[in-house]
Number of protein chains: 2
Amino acid sequence: MTPEEFRAAGHELVDWIADYRAGVVGRPVRSEVAPGWVRDALDGAPPEAPESLDDVMRDLRDVVVPGVTQTQSPGYYAWFPSNASLESVLGDMASSGLGALGITWQSAPALTEMEQVVTDWLRELCGLSDDWHGAIHDTASTACLVALLAARERATGLSEARGGLQAEPSPVTVYASSQAHSSVTKGVLLAGFGRDNLRVVPVDPVTYAMDTDVLSRMMAEDVAAGRRPAAVVASLGTTGTTAFDDVPAIVAVARQHGAWVHVDAAMAGSAMLLPEHRALFAGVEEADSYGWNPHKWMGTILDCSLLYVRDVELLIRVFSTNPSYLRSTADGEVTQYKDWGIPLGRRFRAMKLWFHLRLAGAEAIRARLRRDLANAQWLARAAAAEPGWEVCAPVALQTVCLRHLPDGMTDPDTLDTHQQEWAERVNATGRAYVTPAQVEGRWLVRVSIGAEPTELRDVEALWDLCREAAGSIAP
Amino acid sequence: MTPEEFRAAGHELVDWIADYRAGVVGRPVRSEVAPGWVRDALDGAPPEAPESLDDVMRDLRDVVVPGVTQTQSPGYYAWFPSNASLESVLGDMASSGLGALGITWQSAPALTEMEQVVTDWLRELCGLSDDWHGAIHDTASTACLVALLAARERATGLSEARGGLQAEPSPVTVYASSQAHSSVTKGVLLAGFGRDNLRVVPVDPVTYAMDTDVLSRMMAEDVAAGRRPAAVVASLGTTGTTAFDDVPAIVAVARQHGAWVHVDAAMAGSAMLLPEHRALFAGVEEADSYGWNPHKWMGTILDCSLLYVRDVELLIRVFSTNPSYLRSTADGEVTQYKDWGIPLGRRFRAMKLWFHLRLAGAEAIRARLRRDLANAQWLARAAAAEPGWEVCAPVALQTVCLRHLPDGMTDPDTLDTHQQEWAERVNATGRAYVTPAQVEGRWLVRVSIGAEPTELRDVEALWDLCREAAGSIAP
């Protein structure tokens, strides 16, 4: 394809994107396609001859769009916000158009140095000191694995350079709460610690935050039994209920045993941009690593997950490679992000953060986050005031956890089924999408407010819809 | 930013991309900026108020473009091709504009099912049987780590579900040639095997392919000593010289000990699209995993790395997570790519492959690959016929490894320095970029042909430039 052919096609695609975004409000929020429907529609022999842009765009409209959940819709309250701000889409386009290759500093100095600039900007905007060094990863799962690998190597005195974890004389352990994200367990397993060496710390039954007294006891018992605590993962804003672990208490306990503290604030981290909510992040400055995702609530398009560490020298010792074909004369003076994580090659991901922050400005981003927090408080108050409804977890941020308790329905399992049923009725309307979750054994419905276009009137309409759906189920 | 503001900005950016690509030939191929120059130019306080698109575009032109190596230039012969075909850029734009969230099948059925369609298309185009199941990862480093983790778990009977690698009673080992990519060593270390358990197998001094007799001996010795071979990584198209390991021989040896065979064809895999070159890939069908990167020579924009496995059930056992908030009624019937690798969330990466294959067509892609192979043969013949020049490795594909041997220069270290010097003189002209590499202790210069716009006349001009540069160095 020549640049001129691209120009024509690119203009058509930009118009399509603008039209799609303008028209997203009318579409069913949850994709209603059956398993296999998209595959059947798109399958066939591999294309041998070029097809027309018209044919591709037709499938984009008729198959792909109905085949995705509309995460950019004001009616999207599922999982967590996954905003793809149009400012960041422009940055992503610039990154793609440029086609730069990030393997070493030399292959694209600007790709490396812009990543330093934007991770520093966000560090400053979050009020973190310049002891922290940031890099962009794809997701919080990867960032957590990177932190756990660094912790493993610190605890074992760089065992990877010798016989590996398998040659270690005594077990190395990791701690996280029962409400930590599934990626923590996954990271522990992938890093080779083994499930037997993951201590699942119980949570407070009201706040769902880690019980740090139990953590302290577990760590002491492990040490007494000859095991070595490598890491504690603290969750700020759990997936179930946006619960906040007590990081200062966790840091204090972990320090006694030299364990690494990784703070996972994948969704909630955006709130650190708000000075008035920074108390929720107390203690982060004392941790060893801190991860959060601009690609969630803040809205820099997926995939854009930040991991900050304090001991970058250790990180480099764990992740570095230096083959001859990647060396250059600049090596001693520059940052090589390949040595800060798993992949060698990287996209110019900094560009989407850079476009987003410059074209939107931090003040407008903060205003939007504050709007969402206010909307969540409105919903929480409305539900708390309504007979038969329960706000069943503290509303620390923008996620409201609801249970509907119809008169006379007292059997716990029946109540669990009821929550899933009314959520399904809401979702089946196509006007909104909420996701149920099981928290400490009981089902509730999460309303995660914070899609970019969601205004108070949308949340009011959602609340009507929830009551209508729950009320329509015969007892 | 509203859809209408995006429309205006998007059109401007599309024009910029088309102009940039049309004008890339006039730019210095290697970025010549000094360490810190980009950072100094872009740094400052985080943006509080919105800035204009004009300001951002000015920095894009004046700072970012000179700050990257021009991988899309016809003069780009460094590392390996990193083509960003404009067809795939369109697909990436569609992916960004849609802003879909790939965490489960339910969150974006089309994102999952299109990935099945395009990985199947490429499997068919490469002549692999339908025993293989593919997924898109960011890079070959990640794909290799995923394969090594699967191998680790197969060899240890799923030790992650018990005490982890650290509780294993006897060491588990991995094998790769001395010419394997640096990501193999990195993967072995990150997976916890430890450097002591990586067996670096020597290569044939002429072909640079793994010496499989030594592999066989190493594995037998390890088994005799009570160690357990978990995996052999076979390289097809090594980074240094595009050497091809003997996969059938490796598979035969590995099978005796139940070891997993991962085939890393990150760059060379594109050649499997050419039936007449498929003999180079003999034995792949019998391996356990096979990875290659459409984002290199084939030209589907970074990041787009494919990993195919045969035992997908094992992969899912190693990588699956199933928390309540990610469950849906479709779970039993659909593919959940979150259980096929490290990250939970995924971009709609299939879109760039889908646009690329449909808009370009496989036949045109094959024609371009054949052009590059012919150009490499032309350069190899020209250099072999020229006194004082040596083609110092077999030209299996599109990378030609050159050494200039001036009359009377016989000291090996002086010769090594000379190679680096003439390469530097070529690169300093700005007209081309080649990268030196150390292969089995000696420096050579790699000319990796295959940038999308590189035609024979460009390779002819490069050859003139190489002779001129080498000839200009006083003995």
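**Entry 1: B:Val426.** I began with B:Val426 in this predicted model, and I counted it as buried because 25 other C-beta atoms lie within 10 Å, where 20 or more are needed. The residue belongs to helix H13 of chain B, which covers residues 412-428. Setting aside neighbours within four places in sequence, I listed its contacts as B:Ala432, B:Val434, B:Leu465, B:Cys466 and B:Ala469. I also looked up B:Ser289, which is 137 residues from B:Val426 in sequence and 39 Å from it in space, C-alpha to C-alpha.

**Entry 2: Confidence.** I noted an average pLDDT of 96 for chain A, with 99% of the residues scoring at least 70. For the model I wrote down ipTM 0.97 and pTM 0.97.

**Entry 3: Domains of chain A.** I found chain A divided into domain 1 (3-68), domain 2 (94-360) and domain 3 (362-471). Between the centres of domain 1 and domain 2 of chain A, taken over C-alpha atoms, I noted 36 Å.

**Entry 4: Where the chains meet.** I then turned to the interface, where 129 residues of chain A are in contact with 129 residues of chain B. On the chain A side, helix H1 (residues 3-22) gives the largest share, with 15 residues. That side of chain A divides into 70 nonpolar, 35 polar and 24 charged residues.

I followed one helix pair across the interface, helix H4 (residues 86-98) of chain A with helix H1 (residues 3-22) of chain B, whose axes are 10 Å apart at an angle of about 10°. I therefore entered H4(A) as roughly parallel to H1(B), since the angle falls under 35 degrees. Among the contact residues are A:Leu90 and A:Met93 of H4(A), and B:Phe6 and B:Leu13 of H1(B). The residues of this contact divide into ten nonpolar, two polar and no charged.

**Entry 5: Backbone features.** I kept in mind that most residues other than glycine have a negative phi, and most peptide bonds are trans. The bond from A:Leu302 to A:Asp303 is cis, with omega near 0°, and A:Asp303 sits in the loop between strands E6 (289-292) and E7 (305-309) of chain A. In chain B, I found a cis bond joining B:Leu302 and B:Asp303, with omega about 5°.

Two residues of chain B drew my attention for a positive phi. B:Trp79, with phi near 35°, lies in the loop between helices H3 (53-64) and H4 (86-98) of chain B, and is buried, with 26 other C-beta atoms within 10 Å. B:Leu158, with phi near 60°, lies in the loop between helix H6 (140-155) and strand E2 (172-177) of chain B, and counts as partly exposed with 15 C-beta neighbours inside 10 Å.

Terms used:
Residues numbered from 1 in each chain as written. Chains lettered and ligands numbered in written order. Predicted model: local features only at pLDDT ≥ 70, side-chain atom pairs only at ≥ 80, totals over all residues. Contact = placed C-beta atoms within 7 Å. Helix = DSSP H or I, 4+ residues; strand = E, 2+ residues; numbered from the N terminus. Nonpolar A, V, L, I, M, F, W, Y, C, P; charged D, E, K, R; others polar. Domains from an automatic or database assignment. Buried ≥ 20, exposed ≤ 12 C-beta atoms within 10 Å, placed from the backbone. pLDDT = per-residue confidence, 0-100. Axes fitted to C-alpha atoms, helices over the stretch in contact; angles between N-to-C directions. Parallel < 35°, antiparallel > 145°, perpendicular 65-115°, else oblique.
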